[in-house]
Amino acid sequence: MKPDRYLGLFLLLLAAGYGLGALGFEAEYLADPLGPRAFPLLLAGALGVIGLWLMLFPGADPAPRFPAWRPQVLAVGSFVVYAYALVPLGFILATTLEVGLLARLLGAGWGRGFFSGFAFAALLYLIFVFGLGIPLPLGRWWPG
Amino acid sequence: MDVFSQLVHGFEVALTPLNLGLALAGAFLGTLIGALPGIGPVNGVAILIPIAYALKLPPESALILLAGVYYGAEYGGRISSILLNVPGDAGAVITTLDGYPMAQKGKAGEALALSALASFIGGTLAVIGLTLFAPLLAEWAIRFGPAEYFALMVFAFTTLSSLAGRNPAKALASSVFGLMLATVGLDPGSGVPRFTFGQLKLYDGVDFLIVAIGLFAISEVLVLMEKSHLGEATRMRVETTLVSLKTFLASLGSILRGSVIGFFIGVLPGAGASIASAVAYTTEKRLVDREGSFGQGDPRGVAAPEAANNAAAGGAMVPMLTLGVPGSGTTAVLLGALMMFNVTPGPLIFQERPEVVWGLIASMYIGNLMLLVLNLPLVGIFARILTIPRWFLIPAIAGLSFVGVYAVNNSAFDLLFMTGIGVWGYLMRKFGFPLAPMILGLVLGRLMEVNLRRALAISGGDWGILFSSPIAQVLWVLALVSLLFPWLVGRFAKPR
């Protein structure tokens, strides 16, 4: 079965979920004849038609290949960790670790990665905090 | 008021030291962003918006900077096309065809100089076109009512969808994703919360900037991570960047034709720099390539697409400014940026915020001149920047995205949301959904709904109003034609 058919099914389900959500919008008074429901329902209908179309007339797109999924999964995981670690660790430390890890995933050595990560993070910190006046978290692990 | 005196006022805005400095910064960063494979104009503009926002720049200054990055990137894209045979961005793909062969023959400097001149001529002619056509189009569009606007937006989505990807159905789905995302938040008409899942943070709607950076920059990082084995770029020496007058004059016709083609293709919604350069190249190949030298390093094959992609960048500003309906991903991001600064482009902008439009137009004349200077003697510096290793460049894009998104609201939740959108964008790319329609949908969604509801309020709920005026009817027909266009082309092109 062509992968586009699965995508069509996915779009159809998405449209159904979105449309069901839109059915629940109830305005207390109607300022205009359409109200809050109509436009989302129109979108759900459009997406539903596109989904059906893809199921009935799938294109020739082959199933995508994920040649190296490990670095990407690790990268996405590190983005999530970064979001949680940014405030406690501070911008410079968190960014050094993040850039170092990504550089390592791209084939650089740990040393080079962390060193350039530190230089990059420190430079950005200087530019943002002192040049642009935008505060970035310093971290909570400093004594005092 | 006539165009000329307006333009003089524009120059008064553009020539203040701040705006001159920002135009130069935009030109420099744009060339850099265009030159580096992996960051195109969309990513560059999106990543720079939070900085412009945090600096509390006035809207015209922010736009001067961001637009400089946009058209500057079209200059920069050619550098790696010529030196490395790797296009720096989508508009420079065609430039590799004759640019790299020229470099292999030892004429890299000549190719760079000629393409810089071609870019300058294309860019400048497009700004002249913008100056002349934009006010006319705005004057005409002032008569648009909500029904015409709704039809116009549908037309923008259908043309972008039929041109943006291999499969128009997927491109349309991408537009709907964006429109759906735009409905998140309090309903503008009744104040009912929609798709907020009880999150107070979502009552104002999703942050356009976070979506733009996640969708383009983060997904790009994930795509680039796939090819971890690629080695580092080899350095190519550029001795002189001069082109003989004879070669220049021989290419002048191609440059001028490429500029005109590029400008008009740029004005069309959906067709941007990449299509413009391809059309210009094929036109020249048919018209002037008598010896079959195109593809072997013919200077005209470098000049025409470069003139066209720069002209297209200028042309794409016309519908964005005058109608408030952008035709490409990058202009959609620019429009979103303007909305963050509380400026709504559209026909009224020429009366309400002349300093923004005319300041921008004037700065584009200056910016093109700056880009020519940057790209002729200083091209060696940009060539050297191409040797930045991938293992540093890609993490740096991620780091810049993080810091930009965090700086807007100081919120770690935004980083998670950006990551989620980035993964979504990555999957869209993998499954053949183009990204530009989604960002266009997000930017236009509110406007589209408001205009639809206004139209139906005028008619008292009669849907016929959408098709009642001649302008609206023409737009609906055009929308239908553009939807059928790929199918018609496929139908008639196959038998050959």
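Start by selecting Gly422(B), which touches Gly214(B), Ile218(B), Ser219(B) and Leu222(B), leaving aside residues up to four places away in sequence. Touching here means contact: C-beta atoms, placed from the backbone, that lie within 7 Å. You are looking at a predicted model, in which local features need pLDDT of at least 70 and side-chain atom pairs count only at pLDDT 80 or more, while totals for chains, interfaces and linings use all residues. To find your way, residues are numbered from 1 along each chain as its sequence is written, and chains are lettered from A and ligands numbered from 1 in the order in which they are written.

Stay with Gly422(B) for a moment. Its place is in helix 18 of chain B; helices (H or I, at least four residues) and strands (E, at least two) are DSSP runs, numbered from the N terminus. Is Gly422(B) buried or exposed? Gly422(B) is buried, with 27 other C-beta atoms within 10 Å. The cut-offs are 20 or more such atoms for buried, 12 or fewer for exposed, and partly exposed in between, with C-beta atoms placed from the backbone. For a sense of scale, add Ala111(B) to the selection: Gly422(B) and Ala111(B) are 37 Å apart in space, C-alpha to C-alpha, and 311 residues apart in sequence.

Next, colour by confidence. On the pLDDT scale, the predictor's confidence in each residue from 0 to 100, chain B averages 87, and 95% of its residues score at least 70. The complex as a whole has an ipTM of 0.93 and a pTM of 0.88 from the predictor.

Now show both chains and look at where they meet. Here 49 residues of chain B are in contact with 51 residues of chain A. Which helix of chain B gives the most to the side that touches chain A? Select helix 17 of chain B, which gives twelve residues. On that side of chain B, 31 residues are nonpolar, ten polar and eight charged. In this count, Ala, Val, Leu, Ile, Met, Phe, Trp, Tyr, Cys and Pro are nonpolar, Asp, Glu, Lys and Arg are charged, and the others, Gly among them, are polar.

For a closer view, select helix 3 (residues 69-89) of chain A and helix 9 of chain B, which pack at an angle of about 145 degrees with axes 8 Å apart. Axes are lines fitted to C-alpha atoms, for helices over the stretch in contact, and angles run from 0 to 180 degrees between N-to-C directions. The contact brings together Pro71(A), Gln72(A) and Ala75(A) from helix 3 of chain A with Leu222(B), Met225(B) and Glu226(B) from helix 9 of chain B. You met Leu222(B) earlier, as one of the residues that Gly422(B) touches.

Two loop residues in chain B come next. Phe197(B) sits in the loop between strand 2 (193-194) and helix 9, and has a positive phi of about 50 degrees although it is not a glycine. Phe197(B) is exposed, with 8 other C-beta atoms within 10 Å. Asn410(B), in the loop between helix 17 and helix 18, has a positive phi near 50 degrees and is likewise not a glycine. Asn410(B) is exposed, with 12 other C-beta atoms within 10 Å.

Finish in chain A with Leu13(A), in helix 1 (residues 3-23). Leu13(A) is exposed, with 12 other C-beta atoms within 10 Å. Its C-alpha lies 42 Å from that of Gly90(A), 77 residues away in sequence.

Key
Two residues are in contact if their C-beta atoms, placed from the backbone, lie within 7 Å.
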